Amino acid sequence: MVISRKWLTILATTALVSGLGGCTKNKDSETKADGSKPKIFNYLRTAAHKSLDPAKQFDAASAQIVSNVYDTLLQYDYLARPYKLVPGLVEKMPEKQKDGLTYIFTLRKGVVFHDDECFKDKKGRELTSDDAIYTIKRFADANVNVKSYMLIAGFVEGLDAFREQTKKLGIKKTDYTKLDVTGLRKIDNYSFSVKFNRENPLAFFPFAFSGMSIVPKEAVEKYGDDFAKNPVGTGPFYIKEYSRRGKMILAKNTKYFGTYPSEGSAEDKAAGLLADSGKKIPFLDEVHLPLIEEPQPAMLKFLKGEIHWIGMNKDDFSRMAEKDKAGKFILNAEYAKKFNMYTEPGLYAGFLRFNLNNQLVGKNKALRQAFAYALNTGKWIELMRNGRGKALKTIVPHPIAGSENDIDFEYYTQNIEMAKKKLAEAGYPGGKGLPVITIDYRSSNKDTRQDFEFVRNELAAVGIKVKANFQTFSAFLKRVESGNFQIIDAAWGADFPDGENFYQLLYGPNKIPGPNSSNFANKKYDELYEKSRFMENGQERFKLFKEMSEIVKEEVPLILRYNYLGFGLMQKNVRNLKRNMMVEDPYKYLNLGPEGKVSH
Amino acid sequence: MQKVQTKKTNVIFGESIGKKAFRKLTSKTSTNVCLTIIAIYVLITILGYVGLLPDFQTRVGGSYEPPSLTIAKILGTDIFGRSILYKILTGTKTAITIGLLVTAISVPIGVGLGAIAGYYGGKLDGAITWFYSVIISVPYILLIMAISWVMGKGMFSICFAMGITSWIGLCRLIRGEFMKHKNREYVMAIKLMGAKSPLIIYKHILPNVIHLAIISASLSTLSAIKSEVILTYLGVGIQDGSSWGTMISDATGELSTGIWWPLVGVTIAMFVLMYALNIVGDALRDALDPKIVD
């Protein structure tokens with residue numbers, strides 16, 4: 001077909017005009033009904049989500065969306081430290097009944113789901129206790145949730161049996177209306193009871209986990225497998241634009257029930273974090289979340305003012321921040337004028353784990369102790385992490401109750417003489433006869449490689465030779481699961497802020513494929529763990545923690561390293577941002593001030 | 001034998017091909033300089049293997065010291081206070097070893113398969129052509145990465161991976177040359193005299209096309225060194241901090257914090273070797289290609 005020049009000119013002109021129209025009409029800058037400009041928070045996603053079905057997601061990228069589109073029955077207090085649970089979809093914390101095991105959950109009235117085609121007339125209906133029971137059952141359904149059930153396993157009466165039944169029946173034959181959970185009872189439309197197997201201070205944590213966000217049965221049934229792409233929640237935002245590998249846009253749920261916390265510390269008040277106390281949330285009209293996987297372009301965008309908030313990696317930190325004379329981390333003068341910086345300790349323990357089933361390192365305690373004496377963790381934090389972290393003395397990170405802040409305990413510090421002595425005691429004086437030991441790492445990036453070089457140099461000073469096996473995270477996990485390793489560079493982030501979640505990492509029955517990848521089996525330790533597991537925090541429990549820490553120090557199934565200090569930058573006009581490690585994506589609390597302009 | 005030399009053309013009558021090539025190769029100052037540079041790099045490699053290079057793991061100063069006028073710190077220090085110069089020297093050993101090893105693997109494969117395909121033709125040619133077409137259809141870096149993941153990391157698996165994937169260009173060249181040569185009079189004459197095919201390939205045609213392999217070897221060395229740097233940068237190559245790729249990978253973050261000397265040092269070392277290999281490669285072509293006359 002031949003197109004004449006005349007027609008080409010017309011087509012080109014039309015395209016140009018329509019293109020210009022597209023450029024001039026910026027939907028982000030449209031004014032709202034009251035004449036004000038919408039508050040648009042620009043942030044990013046560093047990875048594409050796996051699934052937006054709460055029960056099927058267990059990754060940070062999915063939780064970033066799920067936690068803002070859905071709500072949980074309980075939630076973490078945004079400002080309080082140490083972290084504590086507060087009511088979410090329930091109007092008050094669950095009430096304990098006379099038997100000491102049953103709790104009544106009472107839902108807020110008037111909470112409605114987002115408008116969606118799955119509902120009658122496409123209007124979101126009110127949340128009821130049937131939704132909560134349905135969600136708990138769905139969370140326990142072995143056909144739906146394969147990853148995170150262990151968070152509640154053994155807690156609720158009859159729930160484990162229910163899960164077994166779903167496993168036997170399969171997805172097609174499972175019908176929640178016919179499968180009873182003895183510990184779950186509907187009382188009325190707004191309340192239900194949960195009976196736990198024992199008194200358990202950990203019992204409520206699963207109810208704040210994003211995987212147990214309350215979902216409506218209608219949406220699950222209407223969308224089937226596509227429910228993962230069509231979330232319908234009660235959350236502060238709904239998905240305005242869905243693009244897994246592009247830009248996701250969350251828009252404000254104007255019917256949201258929540259309010260900004262009205263209590264906080266004096267520091268919170270001084271930092272202006274209580275300026276919006278008690279006000280209806282969310283404050284933001286939209287949250288824009290483009291996928292930017294590489295840290296460098298993300299930082300460039302932040303520096304250009306195109307995104308409001310960003311985490312800082314080691315190189316960014318070296319360039320932009322420093323420690324002042326008092327040892328406080330501050331931004332350089334150049335960046336302090338433009339941005340604000342926050343720091344917040346992580347809920348994380350990093351360590352080197354020995355495989356106690358390995359014939360060399362597993363059967364030689366003195367050798368493991370030589371490793372522990374040889375390493376200078378403080379120096380490693382200074383050099384490799386710009387000092388952004390704290391050496392651990394116990395396995396519990398500092399912000400969690402039961403950490404070294406609560407128990408008087410000393411861990412290994414570098415002592416070359418003792419390291420050499422222990423090496424000789426292990427049968428390898430000066431390292432003679434000791435084979436090269438392999439450390440497995442979970443990535444092959446520059447920082448990991450340099451971490452290894454640091455460790456290698458420290459160990460070489462006492463005569464221990466090591467080599468590294470750098471691999472992808474999935475290859476690393478396979479290797480760990482196979483139990484075929486000598487030492488691994490490992491870490492654990494808190495599922496919930498309790499010491500139990502860290503001490504279970506060395507509990508005998510949790511050995512591989514469980515989280516005890518050291519395969520540590522110590523009868524005394526296991527007894528102490530079992531005794532402390534369901535205790536309330538307090539001196540009695542902390543005493544048991546200390547005894548367990550002493551065993552860990554003596555037996556060295558792992559060498560404790562550090563808990564990181566999280567750093568991030570925000571534009572000057574960002575309000576209410578207090579880094580909360582249990583509320584990773586707190587968009588519903590954030591606000592934007594007038595000063596500073598972020599382009600779109 | 002009497003040698004007659006004319007000034008105008010630099011031709012020496014009665015001179016052997018090898019001598020003629022050597023004379024042409026060394027006739028230019030720039031080529032001689034480049035040959036000397038390569039010799040220095042090779043010498044550094046040999047010194048590395050006999051343990052005469054300084055240990056790059058030794059700490060010679062503080063973290064990230066800029067260049068200063070002492071030998072160890074002339075190119076500054078890295079994050080651990082190790083000498084950048086010593087790291088570059090150790091990286092030289094790695095680079096040259098990889099270049100030579102890869103060439104040693106790829107050139108024989110390329111020449112061997114190219115000669116067989118070109119001389120015998122028919123189904124054998126079809127099979128070899130199909131084989132290299134399949135290999136070349138997979139992106140080079142991805143193929144090497146896949147082989148490295150299977151074989152494990154480390155210098156020798158990287159060399160093997162690069163060696164078995166980088167022979168195709170030479171194989172095509174040699175195949176084409178053999179196809180041309182097998183119908184020439186001198187080959188016909190030898191056939192009529194009853195010579196067997198392997199002898200014809202090895203004794204008669206190969207000497208006439210081997211210059212292509214020599215030129216290709218110089219370029220293959222260069223390409224292998226570059227590939228190692230890229231693979232290490234991508235996290236697949238040498239991982240123990242003693243390669244140029246590792247140094248460049250480390251330097252990406254350092255550069256943004258104003259620490260320029262590790263990158264500058266390694267880039268210069270790499271540039272000088274690449275440049276020298278390129279010049280020598282061109283000079284080899286000029287010296288060995290019979291189509292290029294004085």
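Colleague: How much area does chain B expose, and what share of it do carbon and sulfur atoms supply?

Modeller: Keep in mind that this is a predicted model. In it, chain B exposes about 14500 Å². The share supplied by carbon and sulfur atoms is 70%.

Colleague: What percentage of the residues in chain B is buried?

Modeller: Buried means a relative accessible area under 20%. Chain B has 294 residues. The buried ones make up 47%.

Colleague: How many helices and how many strands does chain B have?

Modeller: Reading along the sequence gives the pattern α-α-α-α-α-α-α-α-α-α-α. The C-alpha atoms fill a box of roughly 75 × 50 × 30 Å along the principal axes. The count for chain B is 11 helices and 0 strands.

Colleague: Of the contacts in chain B with a separation of 6 or more, what percentage comes from residues 24 or more positions apart?

Modeller: Contact here means heavy atoms within 4.5 Å. Take the chain B contacts with a separation of 6 or more, and keep those from residues 24 or more positions apart. They account for 66%.

Colleague: At what angle do helix α7 and helix α9 of chain B pack, and is their crossing left-handed or right-handed?

Modeller: Helix α7 covers residues 168–181 of chain B, and helix α9 covers residues 197–233. Their axes lie 10 Å apart, and the angle is about 145°. The crossing of α7(B) and α9(B) is right-handed.

Colleague: Which residues make that contact, and how many of them are nonpolar, polar and charged?

Modeller: From α7(B) come L170(B), I174(B), E177(B), F178(B) and H181(B). From α9(B) come I201(B), I205(B), L206(B), N208(B), V209(B), L212(B), A213(B) and S216(B). The residues of this contact divide into 9 nonpolar, 3 polar and 1 charged.

Colleague: Is K180(B) buried or partly exposed?

Modeller: K180(B) sits in helix α7 of chain B. Its C-alpha atom is 19 Å from that of I215(B), which is 35 residues away in sequence. The buried class needs under 20% relative accessible area, and the exposed class over 50%. At 39%, K180(B) therefore counts as partly exposed.

Colleague: Is I190(B) buried or exposed, and which residues does I190(B) contact beyond four places in sequence?

Modeller: I190(B) belongs to helix α8, residues 185–192 of chain B. Its relative accessible area is 12%, so I190(B) is buried. The C-alpha atoms of I190(B) and L170(B) are 26 Å apart, with the two positions 20 residues apart along the chain. Beyond four places in sequence, the contacts of I190(B) are A195(B), I200(B) and H204(B).

Colleague: Why is helix α2 of chain A largely enclosed, and which strands are included in what covers its buried residues?

Modeller: Helix α2 (residues 60–69) is largely enclosed because 8 of its 10 residues are buried. These are A61(A), S62(A), A63(A), Q64(A), I65(A), V66(A), N68(A) and V69(A). Their cover includes, from chain A, the strands β8 (237–241), β9 (247–252) and β10 (286–290).

Colleague: What is the average pLDDT of chain A, and where is the pLDDT of chain A below 50?

Modeller: Chain A averages 90, and 94% of its residues score at least 70. Below 50 there are two stretches to note, residues 8–29 with 9 contacts beyond near neighbours, and residues 596–600 with 15. Where pLDDT is low, the predicted coordinates should not be read in detail. For chain A, the places to treat that way include residues 8–29 and residues 596–600.

Colleague: What are the ipTM and pTM of the model?

Modeller: At chain level, chain B averages a pLDDT of 86, with 91% of residues at 70 or above. The model as a whole scores ipTM 0.72 and pTM 0.77.

Note on methods
Residues numbered from 1 in each chain as written. Chains lettered and ligands numbered in written order. Predicted model: local features only at pLDDT ≥ 70, side-chain atom pairs only at ≥ 80, totals over all residues. Heavy atoms only, no water. Axes fitted to C-alpha atoms, helices over the stretch in contact; angles between N-to-C directions. Helix = DSSP H or I, 4+ residues; strand = E, 2+ residues; numbered from the N terminus. Left-handed = near helix turned anticlockwise from the far one by under 90°. Nonpolar A, V, L, I, M, F, W, Y, C, P; charged D, E, K, R; others polar. pLDDT = per-residue confidence, 0-100. Buried < 20%, exposed > 50% of the residue type's maximum accessible area, 1.4 Å probe, protein only. Areas by Shrake-Rupley, 256 points an atom, 1.4 Å probe, with all protein chains shown as cover.
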